[in-house]
Amino acid sequence: KDALAKLNVEHDRVENNYTISDSYAESTLNTGLCMVAPSICVYGDRDELVLMISFVYVGDELLNANRVIVRAGDNKYTYNQDAFSAIGRDVCKINTGKLKWVEGFVTRAEDFDIELLRDALSSQEAIFRFSGYQNYDYVLTQQNRQAITDVLNAYNLMCSVSPDVLRKALA
């Protein structure tokens with residue numbers, strides 16, 4: 001329960017699913033900043049635990065990105081379009097009233113993706129390049145690092161407990 005205390009836990013009572021995320025993602029989107037936003041999905045009827053990662057570009061230009069390239073220290077990771085389970089593009093009004101382009105890329109995390117997040121957290125600088133008509137480089141901020149750390153810590157703990165213990169922690 002302590003690992004979940006600083007995270008947002010949403011419960012879908014119809015499907016008995018949970019989505020767990022950091023409040024950083026919502027507040028950051030409202031201010032018009034890019035982000036890397038992991039979230040945890042718990043599918044209650046199957047006792048399935050899944051880590052999802054959203055890479056989100058927010059900016060003045062439509063990139064029509066189809067790749068995300070990550071440089072974390074000496075390591076380079078590339079996500080091509082087919083690596084994403086969902087890609088979305090839309091215009092969003094941020095809290096200043098200004099309209100911004102938002103392009104989001106979602107992938108279901110496997111070991112490769114979790115290693116990328118760990119590399120990004122441990123490197124001096126992590127750069128996420130949204131690549132399309134144009135490129136935009138997002139440098140991981142300290143606040144975003146903390147949000148990723150909080151979600152990863154919760155995910156690691158949730159993976160280490162039995163389904164019964166997990167249900168009790170979520171209740």
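Hi everyone. Let me start with a definition: on a grid over the protein atoms alone, a cavity is a set of points where a 1.4 Å probe fits but cannot get out, and its lining residues have an atom within 4 Å of a point. Please keep in mind that the structure above is a predicted model.

So, how many cavities of 30 Å³ or more are there? The count comes to one. Its volume is about 40 Å³. And which residues line this largest cavity? Going along the chain, we meet Asp 22, Tyr 24 and Ala 25, next Val 36, Ala 37 and Pro 38, and finally Asn 144, Ala 147, Ile 148 and Val 151.

Where do those residues sit? At least two each are supplied by helix H2, residues 23-31, by strand S3, and by helix H4, residues 142-159. H4 has the largest share of the lining, with four residues. By character, the lining of this cavity splits into eight nonpolar residues, one polar and one charged.

Now let's turn to the pockets. The largest pocket has a volume of about 200 Å³. Around it you will find Ala 25, Glu 26 and Leu 29, along with Met 35 and Ala 37, then Ser 54 and Val 56, and lastly Val 102, Gly 104, Phe 105 and Val 106. Ala 25 and Ala 37 may sound familiar, as they are also in the cavity lining.

Which element gives the most to the lining of the largest pocket? That is S8, with four residues. H2, S3, strand S4 (48-59) and strand S8 (99-108) each supply at least two. The pocket lining divides into eight nonpolar residues, two polar and one charged.

Next, the strands near the start of the chain. Strand S1, residues 8-12, and S2 run antiparallel, joined by five bridges. In their hairpin, four residues lie between the strands, and one to look for is Asn 16, with a positive phi near 60 degrees. To find your way across the pair, use His 11, which stands opposite Tyr 18 in S2, and Glu 10, which stands opposite Thr 19 in S2.

Thr 19 is a handy landmark, because S2 also pairs with strand S3, residues 35-43, where pairing requires at least two bridges, and here the antiparallel pairing has four bridges. On that side, Thr 19 stands opposite Cys 41 in S3. Is S2 mostly covered or mostly open? Strand S2, residues 17-21, is mostly covered, with four of its five residues buried.

Finally, let's look at another sheet. Four strands make up an open sheet, in the order S6-S5-S9-S10, with antiparallel pairing. At the edges are strand S6 (75-80) and strand S10 (135-139), each of which pairs on one side only. From one strand to the next, the twist averages 15 degrees.

Inside that order, strand S5, residues 67-72, and strand S9, residues 126-131, are antiparallel partners with six bridges. If you want a place to begin, find Val 68, which stands opposite Phe 130 in S9. Helix H3, residues 111-122, packs on this sheet and touches S5, S6 and S9. The direction of H3 makes about 135 degrees with that of S6.

That's my tour. Thanks for listening!

Technical notes. Residues are numbered from 1 along each chain as its sequence is written. This is a predicted model: local features need pLDDT of at least 70, side-chain atom pairs count only at pLDDT 80 or more; totals for chains, interfaces and linings use all residues. Side-chain values use heavy atoms; hydrogens and water are left out. Buried means under 20% relative accessible area, exposed over 50%, partly exposed in between (1.4 Å probe, protein chains only). On a 1 Å grid over the protein atoms alone, a cavity is a set of points where a 1.4 Å probe fits but cannot get out, and a pocket is an open set with protein on both sides within 12 Å along at least five of seven lines; lining residues have an atom within 4 Å of a point. Grid points are joined across faces, edges and corners, and a volume is the space filled by probe spheres set on the points. Ala, Val, Leu, Ile, Met, Phe, Trp, Tyr, Cys and Pro count as nonpolar, Asp, Glu, Lys and Arg as charged, and the others, Gly among them, as polar. Axes are lines fitted to C-alpha atoms, for helices over the stretch in contact, and angles run from 0 to 180 degrees between N-to-C directions. Contact means heavy atoms within 4.5 Å.
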